[in-house]
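New to this one? Here is a quick tour of its charged pairs and surface patches, meant to be read with the model open beside you.

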Amino acid sequence: MSNAMYNKMWHQTQEALSALLDKETQKMIEPQRNQVLIFQTLATFYIKYVQIFRNLENVYDQIVHPQKRILIRKVLDGVMGRILELKNEMVELELTEFHYFDDILQDLKLAPQQLDIPIPKYFLKEKLEVIKGREKILAQILADSGIDTSDMKYPVKGIPFDEAVKLIQVAERARQGRLRALFMKQIYLQEYRAKQSKMLGKKVTDTWAAALRIQKVWRRFHQYKETEKLREEEMIFLGMNPPPLFNEVSATVIQAEKVDCLRNEVQIKHEEDYREALVTIKNDLKLIEGLDIKENLQDQIWHWFIECRNLTGTFPDYPDIEEGGSAIIFSNKTIQQEEDEKWKMSPSLFLPAMKEGCNAYREIWMKKDESWNFSQDYDPELIKEEKRKELESEIRVQVDELMRQELKNLKLAVDRERERPVKAGKKKDKKGKKGKKKEKKAKKDKDLTADRTIESLYKELVEEGLLIQALKVNLSDYIGDYSYLGTTLRQVSIEPMPSLLDVRQLITLYGIWPLGSAAVHEKAPLVKSLLLAGPSGVGKKMLVHAICTETGANLFNLSSSNIAGKYPGKNGLQMMLHAVFKVARQLQPSVVWIEDTEKTFYKKVPNAEKMNEPKRLKKHLPQILKLLKPDDRILIVGTTRRPFDAELQSFCKVYQKIILVPRPDYASRYVLWKQIIERNGGVLTSALNVSCLAKVTDGFTQGHIVEVVKGVLTDQRIRQQIHKPLTAVEFIMAIASMNPVYKEEEESFKNWYAKTPLGKKRALAITGGSAEKAKDKGKRKGKKEKKATKKK
């Protein structure tokens, strides 16, 4: 796609955004009471913003004009933030993390796949060098400390010497057996050929009968092949089977990838030229226009002096530097205008930024003639406008100093006024008091490692195994399909289990977007902690690693099993947490992962685990969450397969967002089987009934499927596929020995979730109550309990 096409896409998207912003401001004024209509309004805006985001993200990634990219980036961050705000409003309205838009998607003529939220490519592009450098340092530290990263992925278990000897003997005997069998086969073939030659010695009487027999066999084989070919063509025509070479990368795609790479290089070059131009153009302006600007400013101020003298009879007081100097005199804003602006401010923190972006687009780019700028390099005139303002404000400071002195001289010469002494004592006292307060605050927040560098702390945490290397896993590798019956089930009061792609979307919204963009994290509804709860093998750990891969975040492991015996005692624990969060802040974004997090909140610690002190972090985690600010791009992620073992109240206080990760449904299993077989070297043919596999493996997780596919598709089996295609029976035989996740286990997760704060509110809303009633009930219970204790 050419640059002109991306420009056209940008103009269309910008127009769509302007129209959407107008609609949204209208809807905010209109009060609504019907909950269904409110949700439909929010959902419609959410879906439309997602479509705009998809287009804008694509445009920002591909457009090369540096000044356009600055504006697009500003709008892009605004759209991301608004999507998160709308998501938060839908959660508060529906009292659930999962929403279904089947009916709205039908009205808008959109497929569910178009709701998939992409991860902006600039998250990694802009800090690629930093990530690569950090990876090198991490690998070097691991190598120096003797921890091999390859062993972490695929641990090799040692076996006793006797067993090793037996394995070698078995392999050797098998080899000898194969050779003996080959030798016997050769002897048999020699004897068979000798018999055949004796028989052929006799003259064949009926050659016509033999020819007819050969013809029958050949025609039958030929017709079978023709029928098979026609059936395949019919299935392709009906859209049941993919066309030939469907999965192979075409030459056009390869060419497009090359063009993308070249475009990225052009982007980098244009941005470098733009940064250089910002300096050079400003310096040129200073030389050429600096004196004129200074003279104009002085003339304006002189006129002001004279006008004030003529109107009031006295010279004016010159505004202080803090007030803005002479700039405040010539600004056109009145008090009424400022009040109007405050009154018009939208409750959203991102709408003003988007409106500003849209206004800038209309003023600068909408009707701009760019026929001269074929290469889409920076526009020098725009830089001059921007730098003139900067230069003017810098020169104004110098002019103000000069004119302030001139005004004093005028007052002395004309009005014979003397300078009044300024009572600065009070101001100084106030400043002194403020300074003392700051000092007190500084004393409270002690830096336990003030004498140490971040590099030394980083190295220590790596060596202690608290800072680990994240696996290279993209979120797109978390395979699944959409839930197509969500709205239908909710209409008959059945709460559906979320689909795998619903989970993937929440990971993007709550984890990846805020960690990837500082602008979004600062203003969007703040999510400090996230809990992934689900049975073993559903990909909870994979999602944690995917968050780190997509955002370039550091991964800290504070699981109870990992911190056992490290940094002992109260002081040791305090030092460990201080070091972890100090490094996490300095090298943000960061993810703090607590595996099997229910152990930190055990109702009762099992005797076998008492030595490990699994509840060490229980009291500290709530305190850490309070200290995390919008500036800190740090996310605490817990994973658990047994949430029922934890104390519910303290568990839910620490984890703001709880996401149930389900076992895959039929649609997801179908996609999983196909993709995992292909990724491991398997070839899908008509002999392999994937639909049957997906149906039979109900209850089995992604982990089971991966394990089975890797077990069946050995190197030898992959080579045999040409003559012996894969069949479903091979995989079913391998999975028969595994234990699935039974429906009862999934129900236990649903029942547990119904006891969480959001789950309780949702259950009450379904039965006809409301969130407010739930709160009132909680308060009443508390009051009754207090009264009961007083009576006792």
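K125 is partly exposed, because its relative accessibility is 35%, which falls between the cut-offs of 20% for buried and 50% for exposed. Keep in mind that you are looking at a predicted model. K125 has a salt-bridge partner, D61, and the closest N and O atoms of the two are 2.5 Å apart.

**The D61–K125 pair**

- D61 sits in helix α2 (residues 35-62) and K125 in helix α5 (residues 122-125), so this salt bridge ties together parts that are 64 residues apart in sequence.
- Is D61 buried or exposed? D61 counts as buried, because its relative accessible area is just 8% and the cut-off for buried is under 20%.
- So the bridge joins a buried D61 to a partly exposed K125.

**Other salt bridges**

- How many salt bridges does a search of the whole structure find? The search turns up 33.
- One of them pairs R452 with E460, whose side chains meet at 2.6 Å, N to O.
- R452 comes out as partly exposed, with a relative accessibility of 31%.
- E460 is partly exposed too, at 21%, so it clears the 20% mark below which a residue counts as buried.
- R663 and E746 form another salt bridge, and here the closest N and O atoms are 3.1 Å apart.
- That pair links distant parts of the chain, 83 residues apart: R663 is in the loop between β6 (657-660) and α25 (666-679), while E746 belongs to helix α30 (residues 743-753).
- Both R663 and E746 are buried.
- There's also a network of salt bridges, which links K282, K387, E390 and E394.

**Surface patches**

- Which residues gather in a patch of negative charge on the surface? Look for E226, E228, E232 and E233.
- E233 is part of helix α9, which covers residues 207-238.
- With a relative accessible area of 42%, E233 is partly exposed, so it passes the 30% that a patch residue has to exceed.
- F183, M184 and I187 make a nonpolar surface patch of about 290 Å².
- You'll find I187 in helix α8, which takes in residues 161-200.
- I187 is partly exposed at 31% relative accessibility, so it too is over the 30% needed for a patch.

Technical notes:
Residues numbered from 1 in each chain as written. Predicted model: local features only at pLDDT ≥ 70, side-chain atom pairs only at ≥ 80, totals over all residues. Heavy atoms only, no water. Patch = residues over 30% accessible without salt bridge, like charges linked within 9 Å, V, L, I, M, F, W, Y side chains within 5 Å. Areas by Shrake-Rupley, 256 points an atom, 1.4 Å probe, with all protein chains shown as cover. Salt bridge = Lys/Arg side-chain N within 4 Å of Asp/Glu carboxyl O. Lys, Arg positive; Asp, Glu negative; His and termini not counted. Charge placed at Lys NZ, Arg CZ, Asp CG, Glu CD. Helix = DSSP H or I, 4+ residues; strand = E, 2+ residues; numbered from the N terminus. Buried < 20%, exposed > 50% of the residue type's maximum accessible area, 1.4 Å probe, protein only.
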